[in-house]
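Student: I'd like to take a close look at one part of this model. Could you walk me through the salt bridges, slowly and with all the details?

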Amino acid sequence: MKKTNEKTLLTLSLFLIILISSTSIAQVRVQTGIWNADRTISNYMLAAGGENERSVNISVSFQKPFNTKPEVILSVTRYDGDANIGTRYEVKLVSVHKAGFTMEAKTWGGTKINLIGGTWMAIGE
């Protein structure tokens, strides 16, 4: 009985050693950058005014692609709009992939945005 327990313990120990040594420890990487939308973008309609919803898509490529799809965080840090009209805007992610992402900035209700920009952070492996 003692030999069976020793064999079982030895087998389990070897299994754990193999499992631990074969498990790769993921390296978390962070990349950051800035984004801007203004009249230099073709078909930029955020400054046009009008009650209808207007939007612009912005594509960002990561400096080095991730191994898996990262989490992306957006912020707005720059805004230049008509001070006589209410400020309405939304910034959101449209799609995220290993090599980059596409985001959308939009406005409505008469708001005129001459420039909107901010930062982004991608966290992944």
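Tutor: Searching the whole structure, which is a predicted model, turns up 3 salt bridges. Let's start with Glu53 and Lys106, whose closest N and O atoms are 3.6 Å apart. Glu53 sits in the loop between β1 and β2, while Lys106 belongs to strand β5, so this pair ties together parts that are 53 residues apart in sequence.

Now check how open each partner is. Glu53 has a relative accessible area of 53%, and because exposed means over 50%, Glu53 counts as exposed. Lys106 comes out at 12% relative accessibility; the cut-off for buried is under 20%, so Lys106 is buried. In other words, this bridge joins an exposed glutamate to a buried lysine.

Lys106 has another partner too: Glu90, with the closest N and O atoms 3.2 Å apart. Here strand β5 holds the lysine and strand β4 the glutamate, so the pair ties together parts 16 residues apart in sequence. Glu90 has a relative accessible area of 31%, which makes Glu90 partly exposed. Put these pieces together and you get a network of salt bridges linking Glu53, Glu90 and Lys106.

Next comes Glu104 with Lys92, where the closest N and O atoms are 3.7 Å apart. This pair also links distant parts of the chain: Glu104 is in strand β5 and Lys92 is in strand β4, 12 residues apart. Glu104, at a relative accessible area of 14%, is buried, whereas Lys92, at 34%, is partly exposed.

How far can you trust the picture around here? Across the chain, pLDDT averages 88, and 80% of the residues score at least 70. Strand β4, residues 90-97, has the highest mean pLDDT among the elements of the chain, at 98. That's the strand holding Glu90 and Lys92. Helix α1, residues 2-22, has the lowest mean, 62. Where pLDDT is low, don't read the predicted coordinates in detail.

One last thing about strand β5, home to Lys106 and Glu104. The largest nonpolar core has 18 residues, and β5 (100-107) is one of the strands that each supply at least two of them, along with β1, β2 and β6. The top giver is β6, with 4 residues. So what does β5 do in this picture, going by its DSSP run? Strand β5 holds a partner in each of the pairs Glu53 and Lys106, Lys106 and Glu90, and Glu104 and Lys92, and also supplies residues to the core.

How values were computed. Residues are numbered from 1 along each chain as its sequence is written. This is a predicted model: local features need pLDDT of at least 70, side-chain atom pairs count only at pLDDT 80 or more; totals for chains, interfaces and linings use all residues. Side-chain values use heavy atoms; hydrogens and water are left out. pLDDT is the predictor's confidence in each residue, from 0 to 100. Helices (H or I, at least four residues) and strands (E, at least two) are DSSP runs, numbered from the N terminus. A nonpolar core is a set of buried Ala, Val, Leu, Ile, Met, Phe, Trp, Tyr and Cys residues joined through side-chain atoms within 4.5 Å. Buried means under 20% relative accessible area, exposed over 50%, partly exposed in between (1.4 Å probe, protein chains only). A salt bridge is a side-chain nitrogen of Lys or Arg within 4 Å of a carboxyl oxygen of Asp or Glu.
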